[in-house]
Amino acid sequence: MVTMLLDSTRLEVVLSVTERALAFRKTNVVIERSAITKVQLVDDAWTWLRGVASPGTHLRAVVAMGTWQSAAGADFVIVRRHRAGVVIDLETHDEFERVVLTTRHGLELVQALRVNVATDEAPADVTALATGPITRPTRARSSQKAAPAV
């Protein structure tokens, strides 16, 4: 699974040794927060792929990793199977137009991108940032119990 580190100025997609090899990439992907225009939670990240792997690894319905070139530009992709993930649209990034990732922490990423982190703090894992106080709407529960069916 991809590790994402977020601080007040940038989001870093930290790649494991295997991910680096399959993505044909020597360094992590670093994205300035100011370059992020939209983050979408998606049910199946595989459906958001566009273009062809160049360079990268593509095993149909199993794994897609690396840079995907299309008419719309270059996307960085780390997708495993047909799983939920995030699509991050970028503007003014040097390499990519979008980043497509499968992750179980998509909601935490969206919440963490709204957190104001002090500039003197070290980068933190996205899940650690999202565990802070978050108010969620609560639903009023009925005090009556349902009658048994006859």
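## Salt bridges, cores and backbone features of a predicted model

Arg25 and Glu95 form a salt bridge in which the closest N and O atoms are 3.0 Å apart. Arg25 lies in the loop between H1 and S3, and Glu95 lies in the loop between S8 and S9, so the pair ties together parts that are 70 residues apart in sequence. The two partners are covered to unlike extents: Arg25 is buried, with a relative accessible area of 14%, whereas Glu95 is partly exposed at 42%. The structure described here is a predicted model, and the values below are computed from it.

The count of salt bridges comes to 6. One of them joins Glu19 to Arg80, with the closest N and O atoms 2.6 Å apart. Glu19 belongs to helix H1 (residues 17–23) and Arg80 to strand S7, so this pair ties together parts that are 61 residues apart in sequence. Glu19 counts as buried because its relative accessibility is 2%, and the cut-off for buried is under 20%. Another salt bridge links Glu12 with Arg10, and here the closest N and O atoms are 3.4 Å apart. Glu12 is buried, with a relative accessible area of 14%, while Arg10 is partly exposed at 29%. Arg50, Asp75 and Arg98 are joined into one network by salt bridges that share partners.

The overall fold was examined next. The secondary structure of the protein consists of 3 helices and 10 strands. Read from the N terminus, the order of elements is β-β-α-β-β-β-β-β-β-β-α-β-α. The protein has 150 residues, and 41% of them are buried. Among contacts with a separation of 6 or more, 48% are between residues 24 or more positions apart. The exposed surface of the protein is about 9300 Å², of which carbon and sulfur atoms supply 52%.

In soluble globular proteins, nonpolar side chains tend to be buried together. In the present model, the largest nonpolar core has 25 residues, and those with the most contacts inside this core are Leu11, Ile31, Phe76, Ile88 and Leu101. The elements that give two or more residues to this core are strands S1 (3–6), S2 (10–14), S3 (29–32), S6 (63–70), S7, S8 and S9, together with helix H2 (106–112). A second, separate core has 10 residues, including Trp46, Ala64, Val87 and Val100. The surroundings of Leu101 can be listed in detail. With residues up to four places away in sequence not counted, Leu101 touches Val2, Met4, Val13, Ala45, Ile78, Gly85 and Val86.

Aromatic rings were also searched for pairs. The whole structure contains 1 aromatic pair. This pair is formed by Phe76 and Phe96 and is tilted, with 5.5 Å centre to centre and 50° between the planes. The pair links distant parts of the chain, since Phe76 is in strand S7 and Phe96 is in the loop between S8 and S9, 20 residues apart. Both rings belong to buried residues: Phe76 has a relative accessibility of 0%, and Phe96 has a relative accessible area of 2%. Phe76 is also one of the residues with the most contacts inside the largest nonpolar core.

The backbone was then considered. Most residues other than glycine have a negative phi, and most peptide bonds are trans. A cis peptide bond joins Ser54 and Pro55, with omega at about -5°. Pro55 is placed in strand S5 (residues 52–59).

Positive phi values occur at Arg81 and Thr92, neither of which is glycine. For Arg81, phi is near 50°. Arg81 lies in the loop between strand S7 (73–80) and strand S8 (85–90). Arg81 counts as partly exposed because its relative accessibility is 44%. For Thr92, phi is near 65°. Thr92 lies in the loop between S8 and strand S9 (98–102). Thr92 is exposed, with a relative accessible area of 69%, and the cut-off for exposed is over 50%.

Methods:
Residues numbered from 1 in each chain as written. Predicted model: local features only at pLDDT ≥ 70, side-chain atom pairs only at ≥ 80, totals over all residues. Heavy atoms only, no water. Helix = DSSP H or I, 4+ residues; strand = E, 2+ residues; numbered from the N terminus. Buried < 20%, exposed > 50% of the residue type's maximum accessible area, 1.4 Å probe, protein only. Core = buried A, V, L, I, M, F, W, Y, C linked by side-chain atoms within 4.5 Å. Contact = heavy atoms within 4.5 Å. Areas by Shrake-Rupley, 256 points an atom, 1.4 Å probe, with all protein chains shown as cover. Phe/Tyr/Trp six-rings, centres within 6.5 Å; stacked < 30°, edge-to-face > 60°. Salt bridge = Lys/Arg side-chain N within 4 Å of Asp/Glu carboxyl O.
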